[in-house]
Structure formats: C-alpha cells, structure tokens
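Here's a quick walk through one protein model, aimed at someone who'd rather be at the bench. Have a look at the fold, then read on.

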Amino acid sequence: MTNLPGGESAARTADFEKPADFENYVDHTLTETVVGSAAEQWEASEADRKAADEAASKEAAETVMKAFGGVRGMIDMTLPGLVFILTFNITHQVSAAAWAALGLSALFVVVRLVRRETIQHAFSGVFGVAIGAWIAMKTGKAEDFYLPGLLYNVGYCLALAVSALVRWPLVGLMLGPVTGEMFTWRTQNPGRLAAYTKATWAWVVIMGVKPVILFPLYFTHNTSLLGWLKTALGIPALVLAMYVTWRILLKAPAPIKAEVED
C-alpha cells in the first residue's frame, strides 16, 4: 500500500512526472498489443492456410479412383476376360467364349446408357474385347484373346516411362483436368510435378509386372493359366497403383486451379 494520497491510483500517476514518460509508456503498450494481435492473427491465418492446403491435397488425391473409373470401371474391364476363360473351359470352343465375353461387355455399355452414366471405361472394355475376340476366332487359338491386352499393357508402360522422362508425366495429364489444375502443375507447382512424376514411375513398375508374368504363359500356350492369372492380376495391380498414387499425392502441395476464361 502506498502512502501517497489517493492510494495506488495516485502512485501510478506520480510515476509519470513528465508527459514524455507517459507517452512512451502508452506507445510501448500499444506496440506490444498491436504486435501480439498481429502475431496471433498471422499464426491463425497460417494454420487456416495449412489446413486448407491439406484439405485440397486430400481432395485431389481422392480423384485418383474417379479418374480411373472407380470400382465399376475396373469391373467393366476385368469380368469379360473372366467370362471368356470360364466359357472356354466349359465348351472348349474359342468362338463361344469370345461371343460370351463380347456380349457381357456390350451389356455393360447398355446398362450405363440406361442409367445415363459415362460409358468411357465400358466402351474401352468392349473395344478391347472385340479385338481380342476377332483375333482369337481368326487364328483359332484361345490364348490370342489376351494378346491385345498384353500388347496394350506393354505399350502403356512404355508411354508412362517416356512421359516421365520428358517431364510430362502421364498421371498428371490424366488427373489435371479432374482436379481443375489442368497443366499448372507443370509450370507453377514444381512440387506436384515431382509427385506426378514419382506416381508415374510407380505405375510403370506395378503395371510392368503383368506382362513379365503373363507373356511366358502366352508363348507356352497355357491358355487356362494365362486367363486365370490375367484376371487375378487385373484388379489388384490397378488398386495397388491407385493406392500408391493416392499416398504420393496426399503429401504433395495443393493443386493450383487453372484460370479458365468465360
């Protein structure tokens, strides 16, 4: 307790005998308040920005399944091959197996049309099955049904590798329009370019395992084992490649949306 009249209030007033002292005190207090408030706002905005970037990266990573057709797309491209080998093992007739596979692919397209869904992946399945069925019926060799798919797999892996080497990774070209970033990942976002390149190489490795395993079976004319293994390796390899891509993009910088003119 102070002995000055007026108690503590008078003591604080007495500490500022000169106006300059009081002004310095006010300036110092206001500066600390303003700086502290600004620092808190900056930390809050940084936290919000970081959270927004993480959310954008997660959203972009989750487009992987959508870009590759999702579960329905994988089914559309896998089941016809399974139906072919089942029918061939039952009837031992290449034409019957080919028509069964082609009929199922066509059914998938019709169902998607009726439900007003995209027919991109179903139509791709019909196209591939039709070529394989035509070759198999022409040669009379059941294993030739799988030849177009094997050749496509090799060409796809080569295209992936070349695109990564020239810094136009195919995964980025496929996902850019889906995420809305188009090609900004290549010119404005080096972190995403590196992520797309890494993901593309992962696809080369994962998808490249299939022809390495299946081509020896094709050349030995082991149609039954070739068909079963091709079906067995289809969806798991695709799911693994998509999962690895998702993990890579989850840690990548957020996509920069492309500016589109009206």
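## A buried charged pair

Glu181 and Arg192 are both buried. Keep in mind that this is a predicted model. The side chains of these two residues form a salt bridge, with N and O 3.0 Å apart. Glu181 sits in the loop between H8 and helix H9 (184-187), while Arg192 belongs to helix H10, so the pair ties together parts 11 residues apart in sequence. As for the background, side chains of opposite charge can pair when their charged atoms come close. The count of salt bridges comes to one.

Now for the greasy part. The largest nonpolar core has 24 residues, and Leu160, Val171, Tyr196, Trp203 and Met207 touch the most other members. Helices H7 (147-165), H8 (170-179), H10 (190-219) and H11 (223-250) each chip in at least two residues. Which helix gives the most to this core? That's H10, with eight residues.

Tyr196 has plenty of company: leaving aside residues up to four places away in sequence, it touches Pro169, Val171, Gly172, Leu175, Thr179, Glu181, Trp185 and Leu249. Apart from this core there's another one, of 20 residues, including Ala142, Leu147, Leu214 and Leu226.

One of the Tyr196 contacts, Thr179, is found in helix H8. A polar atom of the Thr179 side chain lies 3.2 Å from the backbone oxygen of Gly176. Is Thr179 buried or exposed? It's buried: its relative accessible area is 5%, and the cut-off for buried is under 20%.

On to H11. Its 28 residues should span 40 Å at 1.5 Å a residue, and the end C-alpha atoms are indeed 40 Å apart, so the two agree. There's still a kink of about 25° at Gly234, shortly before the proline Pro236. Gly234 is among the buried residues of H11, as are Leu226, Leu238, Met242 and Leu249.

Finally, two residues that aren't glycine have a positive phi, and here they are side by side.

| Residue | Phi | Loop | Relative accessible area |
|---|---|---|---|
| His92 | near 60° | between helix H4 (70-91) and helix H5 (94-114) | 59%, exposed |
| Met182 | about 55° | between H8 and H9 | 33%, partly exposed |

Met182 lies in the loop between H8 and H9, and that loop also holds Glu181 of the salt bridge.

How values were computed
Residues are numbered from 1 along each chain as its sequence is written. This is a predicted model: local features need pLDDT of at least 70, side-chain atom pairs count only at pLDDT 80 or more; totals for chains, interfaces and linings use all residues. Side-chain values use heavy atoms; hydrogens and water are left out. A nonpolar core is a set of buried Ala, Val, Leu, Ile, Met, Phe, Trp, Tyr and Cys residues joined through side-chain atoms within 4.5 Å. Buried means under 20% relative accessible area, exposed over 50%, partly exposed in between (1.4 Å probe, protein chains only). Helices (H or I, at least four residues) and strands (E, at least two) are DSSP runs, numbered from the N terminus. Contact means heavy atoms within 4.5 Å. A polar contact is a pair of N or O atoms within 3.5 Å; within protein, one must be able to donate a hydrogen and the other to accept it, and residues adjacent in sequence count only if both atoms are side-chain atoms. A salt bridge is a side-chain nitrogen of Lys or Arg within 4 Å of a carboxyl oxygen of Asp or Glu. The expected span of a helix is 1.5 Å times one less than its number of residues. The bend at a residue is the angle between axes fitted to the seven residues ending there and the seven starting there.
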